[in-house]
Amino acid sequence: MKTDGDTICAISTPQGEGGIGIIRISGNNALSILKKIFKARGNKRVFSSHRLYLGYIIEPKKKKVIDEVFAVFMAGPKTYTREDVVEIYSHAGYAVQKSILSCVIESGARIAEPGEFTKRAFLNGRIDLLQAESVLDIIKSETDAELETAVNQLKGILSQKLNRIKENIKDALVDVETQIDFSDEDIFIEKKEVLKRLKNIKKDLDAIIESYYEGRAIKNGFNVLILGRTNVGKSSLLNALVMEDKAIVTPIPGTTRDIIEDIIHIKGIKIKLIDTAGIRKPENIVEDLGIEKARQKIEDADLILWILDSSIEYTDEDEEVYRVIKDKNIIAVINKIDLPERIDKGILKQKRLHTIVEISALKNIGLEKLKDTIYKNLMGKTKKRQSILITSLRHRDALIKTREAVTKATENIINEEPLEFVSFELNDALYHLGLITGKTCSEEILNTIFERFCIGK
Ligand SMILES: Nc1nc2c(ncn2[C@@H]2O[C@H](COP(=O)(O)OP(=O)(O)OP(=O)(O)O)[C@@H](O)[C@H]2O)c(=O)[nH]1
Ligand SMILES: [Mg+2]
């Protein structure tokens, strides 16, 4: 799969008004298009590579000046796509950029598909698929931790690690295949040696696969569910944590009927807070549906904040909530501690809950402590911060399949099965590993990956 070098173009900066907007052109005709539409100051006709020229974009047919711009021609392969690339830095405005783009198209380019520039960088071998995907992650990063992970991926740290694993699998494969070819003669591979190699490969794969939990958390954030019976102050807690009146709060039990979500950051980790309808015997169909939605969220929650009301005795409804969530990761949050205490905390102690935090959502008491507890709970789940993280389900699936094949190869050797089986499994392992870096990827997979990009990237 290679690009055919036809010339593509796009507005690469976000649409709207701004100081500068960039139009990017890539392909064989990039330079000739520039020459048709751009007149450099001083009438220069020769463009040195990687140098900025000030001048005007002039509509080729009507000879009308559209904008004063900077333009740069970058000769391949030292470019983003490895093809010839031109970038035009114009003023950012809808009409200006649209007019320039029309000139470019009339002069022989076509509009790029989403992610097509990056796709070309991949197809022309400048970056592997992992790095191409990291470009999207960098664009979408909201927190420093997310950005750091994505940049490491772009720098190729994960690719290098995977390449080392690939080389190790290949070495094992060579050992095995040599043995197959010379089976009648006296070349004899030490089974122990191959098994040791495979064990190390598996260990490396384990570590990367395990990093997915942390990687995913950094990328997508954790789901923290606020759950409890009606009127205990769930929505008040959401509002206090997001510091905004996001959810309606009233003294009437059954106020919240739908799921209400917002994002907060605690020490650089992203947390999706999810407020839900209070759980009790529903009084009507709307409330019933709301409660059902709340229950459905339980499965996906990384953590459940089980809210209780300090000013009222522990009720059957509280117990009903507890019954549903008792096997999950929960923090018990006793709210309304600004009011006289009526709840029997002894009941909670009997339940051997790991953590109980006391707060007042109304008076802003104990919220810092609660945030700290949430952070420790979630980060405690991840081991020490790993330097290499995977964040994509696609990578994780492929690594798991790689590991499966390595495990099978190991079993084959232990069970003294024909070495051809071992060789088959190791080739399978290489295939799945290759899916991650794009070596063995089909056009279809590539398309689904690059479709997620915006146009111009
Ligand atoms: N005194 C006191 N009142 C509170 C506190 N937190 C919430 N409330 C009050 O408790 C009532 C219910 O609060 P909500 O936040 O709507 O409770 P909820 O759990 O979301 O209720 P539903 O959505 O009906 O399930 C409101 O009148 C709040 O002002 C608190 O810490 N102290
Ligand atoms: Mg509510």
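Which residue is the bridge partner of I226 in β10? Keep that in mind while you click around; this is a predicted model.

**Stop one: β10.** Select residues 269–275, which make up strand β10. Of these 7 residues, 5 are buried, so the strand is largely enclosed by the rest of the structure.

**Stop two: the parallel neighbour.** Now add β8, residues 222–228. β8 and β10 run parallel, with 5 bridges joining them. Pick out I226 and look across to β10: its bridge partner there is D275, which settles the opening question.

**Stop three: the antiparallel neighbour.** Next, bring in β9, residues 260–266. Here the pairing with β10 is antiparallel, and 7 bridges hold the two strands in register as a pair. To see one spot in that pairing, show H265, which stands opposite K270 in β10. Then follow the chain round the hairpin of β9 and β10, where 2 residues sit between the strands. One to click on in this hairpin is K267, with a positive phi near 45°.

**Stop four: α3.** Time for a helix. Select residues 116–123 to get α3. How many of its 8 residues are buried? The count is 7, and the helix is mostly covered. Colour E116, F117, T118, K119, R120, A121 and F122 to see the buried ones.

What do those buried residues pack against? Show β1 (8–11) and β2 (18–26), then helices α4 (129–140) and α15 (443–450): the buried residues of α3 pack against these four elements.

**Last click: G125.** Just after α3 comes G125, which takes a positive phi of about 80°.

How values were computed: Residues numbered from 1 in each chain as written. Chains lettered and ligands numbered in written order. Predicted model: local features only at pLDDT ≥ 70, side-chain atom pairs only at ≥ 80, totals over all residues. Buried ≥ 20, exposed ≤ 12 C-beta atoms within 10 Å, placed from the backbone. Pairing = 2+ DSSP bridges. Contact = placed C-beta atoms within 7 Å.
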